[in-house]
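Reader: I would like to go through this model step by step, with the reasoning spelled out for each answer. Could we begin once the structure is in view?

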Amino acid sequence: MSSIIFDRSAPEPPILGQKVLRPRQQVEDALRKAVLDGQLRTGDRLPSESELARQFSVSRPTIREALSALESQGLIRKVPGAGGGSFVQAVDHTALGQLVQESMHTLLRLGSVDIDEIAMVRQYLEIPSVKLAAHNRTDADLADLQVILTEQKNRTVDDPMIAELDAQFHIAIARMSGNRILASLVYALHRESEPVGYLDLSPELGRDTFAQHQRIVKAIADQDPDAGEHAITEHLAYLRAHIRDSWASS
């Protein structure tokens, strides 16, 4: 009786699939690349929302969400009024954040680092970010955070914008710290680790995280760095516990 010999040294078939991006993410990535590559220069005015919607063959709300994300990253600024529009900001520390994110993505893809390592560093950086934001925040900064909170409150947990709003919230706080390098690193690490993306979102978890965000904003508004440290530590510990639970049940 002949035996069958399995060649265990045969290579595994390649993984050909890639993450399929949502239209909003594709628009955001294309516009960001245009800025970082120099196609759009500092001070340039972007086409109108309707024109961008035509060029990308997407809806105006999709364009609006992409532009809001780019504004939160500091790549563009919006000017109201008849002569306003979206204008390219000076690219400096924000470009550093983008480069760090790309490097982290490559290291993750190659297996050189673990997602836990990235998440832990991000958490270590977010605590001083909140404390510095409590010292340095402006009324305009608080208004920006309130806009994000309102958007979070008005959306259900299954809304695809929830993860984006969470990123905008944490990145905005890091930018309020006044330390541009710190803001760049938090931007890169948060974008790459996407903590909300690892959660099994439920209405209860959504309510809890929103309440935690409110406490963080209150501490910043009160310019109370100790309360800010306590609030962000509580929030990060809560996220870590639920992420572990999601992994354990998967």
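Reader: What span should the 13 residues of H3 have at 1.5 Å a residue, and how far apart are its end C-alpha atoms?
Author: The model is a predicted one, and every value here is computed from it. The expected span is 1.5 Å times one less than the number of residues, so the 13 residues of H3 should cover 18 Å. The distance between the end C-alpha atoms agrees with that expectation, at 18 Å.

Reader: Which residues of H3 are buried, and against which elements do they pack?
Author: Buried here means a relative accessible area under 20%. In H3 this applies to Thr-62, Ile-63, Ala-66, Leu-67, Ala-69, Leu-70 and Ser-72. The elements against which the buried residues of H3 pack are helix H1 (23–36), helix H2 (49–56), strand E1 (76–79), strand E2 (85–88), H7 and helix H8 (180–193).

Reader: How are H3 and H7 oriented to each other, and why?
Author: The axes of H3 (residues 60–72) and H7 (residues 161–176) come within 9 Å and cross at roughly 25°. Angles under 35 degrees count as roughly parallel, and therefore the description that fits H3 and H7 is roughly parallel.

Reader: What is the handedness of that crossing, which residues make the contact, and what is its make-up by class?
Author: The crossing of H3 and H7 is left-handed. From H3 the contact draws on Glu-65, Ser-68, Ala-69 and Ser-72, and from H7 on Met-161, Glu-164, Gln-168, Ile-171 and Arg-175. Sorted by class, the contact of H3 with H7 consists of three nonpolar, three polar and three charged residues.

Reader: How do the axes of H5 and H8 cross, and why are these helices described as oblique?
Author: The axes of H5 (residues 115–136) and H8 come within 9 Å, with a crossing angle of roughly 140° and a left-handed crossing. Angles over 145 degrees count as roughly antiparallel and those from 65 to 115 as roughly perpendicular. Since the angle of roughly 140° lies in neither range, H5 and H8 are therefore oblique.

Reader: Which residues of H8 take part in the contact with H5, and what classes does that contact contain?
Author: On the H5 side, the participants include Ile-115, Ile-118, Val-121 and Arg-122, while H8 contributes Leu-182, Leu-185, Val-186, Leu-189, His-190, Glu-192 and Ser-193. By class, the contact of H5 with H8 comprises ten nonpolar, three polar and three charged residues.

Reader: Is Pro-225 buried or exposed, and which residues does Pro-225 contact beyond its neighbours within four places in sequence?
Author: Pro-225 is found in helix H10 (residues 225–249), and its relative accessible area of 16% is under the 20% limit, so Pro-225 counts as buried. His-135 is 90 residues away in sequence, yet its C-alpha lies 7.0 Å from that of Pro-225. With neighbours within four places in sequence left aside, the contacts of Pro-225 are Lys-131, Ala-134 and His-135.

Reader: What phi do the glycines Gly-38 and Gly-74 take?
Author: Gly-38 comes just after H1 and has a positive phi of about 90°. H3 is followed by Gly-74, where phi is also positive, near 85°.

Reader: How many helices and strands does the chain have, and what percentage of its 250 residues count as buried?
Author: The elements run α-α-α-β-β-α-α-α-α-α-α-α from the N terminus on, which corresponds to ten helices and two strands. Of the 250 residues, the share that count as buried is 40%.

Terms used:
Residues numbered from 1 in each chain as written. Predicted model: local features only at pLDDT ≥ 70, side-chain atom pairs only at ≥ 80, totals over all residues. Heavy atoms only, no water. Helix = DSSP H or I, 4+ residues; strand = E, 2+ residues; numbered from the N terminus. Buried < 20%, exposed > 50% of the residue type's maximum accessible area, 1.4 Å probe, protein only. Contact = heavy atoms within 4.5 Å. Axes fitted to C-alpha atoms, helices over the stretch in contact; angles between N-to-C directions. Left-handed = near helix turned anticlockwise from the far one by under 90°. Nonpolar A, V, L, I, M, F, W, Y, C, P; charged D, E, K, R; others polar.
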